[in-house]
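Grab a pencil and keep the viewer open. Below are some exercises to work through, each with a solution that goes step by step.

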Amino acid sequence: MAPESSWWQTAVVYQVYIRSFADGDGDGIGDIKGLAVRLPYLAALGVDAIWINPWYPSPMADAGYDVADYRDIEPAYGTLDEAQALIAEAHGLGIRVILDIVPNHTSDRHAWFRAALEGDPAAAERYHFRPGRGAHGDLPPNDWQSVFGGPAWTRVATGPLKGQWYLHLFAPGQPDLNWDNGEVRDEFEDILAFWFDRGVDGFRIDVAHGLIKAPGLPDGAQADTAQTMLQVEGAHPAWDQDGVHEIYRGWRRVADRYSPERIFIAEAWVPSNERLARYLRPDELHTAFQFDFLRSPWRADALRSVIDDAIGSAASVGAPPTWVLSNHDVTRTVTRFSRSQPEHLIETDWERARWAGEEPDHALGRRRARAAALIQLALPGTAYVYQGEELALEEIEDLPAEVRQDPTWAQSGFTDVGRDGCRIPLPWNDDDRTYGFAADPAAVTWLPQPGHWAQHSVEAQDRDPDSTLNLYRAALKLRPALWRDAGEVKWLDAGAGVAAFERGGAQCWVNTGTESVDLPAGTSVALASWPGVDTVLPPDTAVWLRTAG
Ligand code: TEU
């Protein structure tokens, strides 16, 4: 059993999208060297841990989520020795390191898949190969769609398996593994141990809800495989099958062999917090992203119900709630809050089409994003901060078609622009071509940075006491004393459009309405999301108040 109040139960974890964080060798692609140079920045920001997106060798069919070798480092990012040194350096600064494990699929360049295509029957058993339907087998084996668009099956064109189809819930370069195969199970437990032995503190589990498919791979009879993962329970035979839990019990046994604690965080897009809680039972995973928070429209009542629901379901299995405002798969927070807010939970990427015709008001979005950060960091449990949120970067929505890299763009038949707009290389300074992202200022960054980002760079925000960066720094500094062990959320009666809660000797107020509201007498402002807040809370603003004394 975990000791009381382990670090991961209250941690602030910073998500490093390594490709876009910092480029130490000047090739325009982020890498371990760049991350190592910037570790002191993260330590000064005050985060407890970093989660690094996949850094393994990969043909980059899906930005590294197509892994060719789980026990090595992508050459563009560095070497295994550099990775080990980075883990040690992070630990030296008091920062834990969480890696990203991708168990639902490998790359089509993984040795197993290549062996399968070359005719090794044992290797083929580790994936889902099937004959096609129709008189000539030229129709996919079932009606499942890829999350990125198009059929979830590709037909093998040559070699011993010619004419067979293989399953890929994501890109064709990401064949799904067959988790009913014992060798697959053994291999992943071994991969976990490989990295735990190297000092890694935990894993974020990619598509944790996808590993087990319903027996026989039956038709889903649903138009959209991707959307159904968030809809009614049991809606699709590809997602959230009960058999997946046995896998995580095995993984937990691996983690529990280690000291200090090694932990897991599930990326599981499931239809309800009740289903999510099943991943968090005491002998399974430690935490799981609660994505409803990230999907909440900017409305006090919606935020409040999402928060209550998340806390309640996590508590039902003794897990800490886990708050996310954005990540590398969804429209950046600033932009999400810069347009009209729907009544329903925002469908992240699927909202892109609805937004297309509406001009974003980034100043408004930025103001709301700052307020949302103060809500997130005042709540019990753990908080994930995606790189660039602390700079209030907006989604870059007007990338030229020819630079887009996300497979969603092509697989959707060029109808969904995909996720590149939240993955733009970070601006570190305001005085060179790549804003200090690349060690060589002449480098061409792997995605172009917009012309107006100097003002949002780390250096520019450093100089401005009212910047979002300095707001995050102040919030992370205050959080341990004000909130970390402050106990349960007690809602206060604050009026329409306002959500306010108390925890211990502090309160958090947020105004999502259109009128200013008076703050309660007998309190003092500890931190406000916007300058100048004293006794009145303006619209689109949050505040932390001290009540005691
Ligand atoms: O994402 C899983 C997932 O289903 C969604 O986040 C999906 O990618 C997105 O909504 C589509 O627009 C994980 C990773 O976070 C993502 O980056 C990978 O592409 C995906 O798995 C495949 O490994």
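The exercises below go from helix pairs to cores, then to backbone details and single residues.

Before you start: this is a predicted model, where local features need pLDDT of at least 70, side-chain atom pairs count only at pLDDT 80 or more, and totals for chains, interfaces and linings use all residues. Residues are numbered from 1 along each chain as its sequence is written, and side-chain values use heavy atoms, with hydrogens and water left out.

**Exercise 1. Work out how helices H1 and H2 pack.**

Step 1: find them. H1 covers residues 32-45 and H2 covers residues 80-92. Helices (H or I, at least four residues) and strands (E, at least two) are DSSP runs, numbered from the N terminus.

Step 2: get the geometry. The angle between H1 and H2 is about 15 degrees, and their axes are 10 Å apart. Axes here are lines fitted to C-alpha atoms, for helices over the stretch in contact, and angles run from 0 to 180 degrees between N-to-C directions.

Step 3: name the arrangement. H1 and H2 are therefore roughly parallel to each other. The cut-offs: under 35 degrees is roughly parallel, over 145 roughly antiparallel, 65 to 115 roughly perpendicular, and the rest oblique.

Step 4: add the handedness. H1 and H2 cross in a left-handed way; that is, the near helix is turned anticlockwise from the far one by less than a right angle, while clockwise would be right-handed.

Step 5: list who touches whom. H1 brings Ile32, Lys33, Leu35, Ala36 and Leu39, and H2 brings Glu82, Ala83, Leu86, Glu89 and Ala90. Contact means heavy atoms within 4.5 Å.

Step 6: sort them by class. The contact of H1 with H2 has seven nonpolar, no polar and three charged residues. For this sorting, Ala, Val, Leu, Ile, Met, Phe, Trp, Tyr, Cys and Pro count as nonpolar, Asp, Glu, Lys and Arg as charged, and the others, Gly among them, as polar.

**Exercise 2. Do the same for H13 and H16.**

Step 1: H13 (residues 362-378) and H16 (residues 468-484) pack at about 20 degrees, with axes 10 Å apart.

Step 2: H13 and H16 are therefore roughly parallel to each other, and H13 passes H16 in a right-handed crossing.

Step 3: on the H13 side you'll find Arg370, Ala373, Leu374, Leu377 and Ala378, and on the H16 side Thr468, Leu471, Tyr472, Ala475, Leu476, Arg479 and Trp483. By class, the contact of H13 with H16 splits into nine nonpolar, one polar and two charged residues.

**Exercise 3. Which residues touch the most other members of the largest nonpolar core?**

Step 1: know what to look for. A nonpolar core is a set of buried Ala, Val, Leu, Ile, Met, Phe, Trp, Tyr and Cys residues joined through side-chain atoms within 4.5 Å. Buried means under 20% relative accessible area, exposed over 50%, and partly exposed in between (1.4 Å probe, protein chains only).

Step 2: pick them out. Of the 149 residues in that core, the answer is Tyr14, Leu42, Trp55 and Trp544.

Step 3: zoom in on one. Leaving out residues up to four places away in sequence, the contacts of Trp55 include Ile18, Ile32, Tyr77, Leu86 and Trp195.

Step 4: look for another core. A second, separate one has 13 residues, including Phe148, Trp153, Ala171 and Leu217.

**Exercise 4. Track down the unusual backbone spots.**

Step 1: recall the background. Most residues other than glycine have a negative phi, and most peptide bonds are trans.

Step 2: check the peptide bonds. From Ser259 to Pro260 the bond is cis, with omega near -5 degrees. Pro260 sits in the loop between helix H7 (244-255) and strand E8 (263-266).

Step 3: check phi. Asp240, not a glycine, has a positive phi of about 50 degrees, and lies in the loop between helix H6 (225-228) and H7. Asp540 has a positive phi near 55 degrees, and belongs to the loop between strand E17 (536-537) and strand E18 (541-546).

Step 4: check accessibility. Asp240 is buried, with a relative accessible area of 10%. Asp540 is buried too, with 10%.

**Exercise 5. Is Tyr77 buried or exposed, and what about Phe414?**

Step 1: Tyr77 is in the loop between strand E2 (49-52) and H2. With a relative accessible area of 2%, Tyr77 is buried.

Step 2: Phe414 is in the loop between helix H14 (407-411) and helix H15 (458-463). With 53% relative accessibility, Phe414 counts as exposed.
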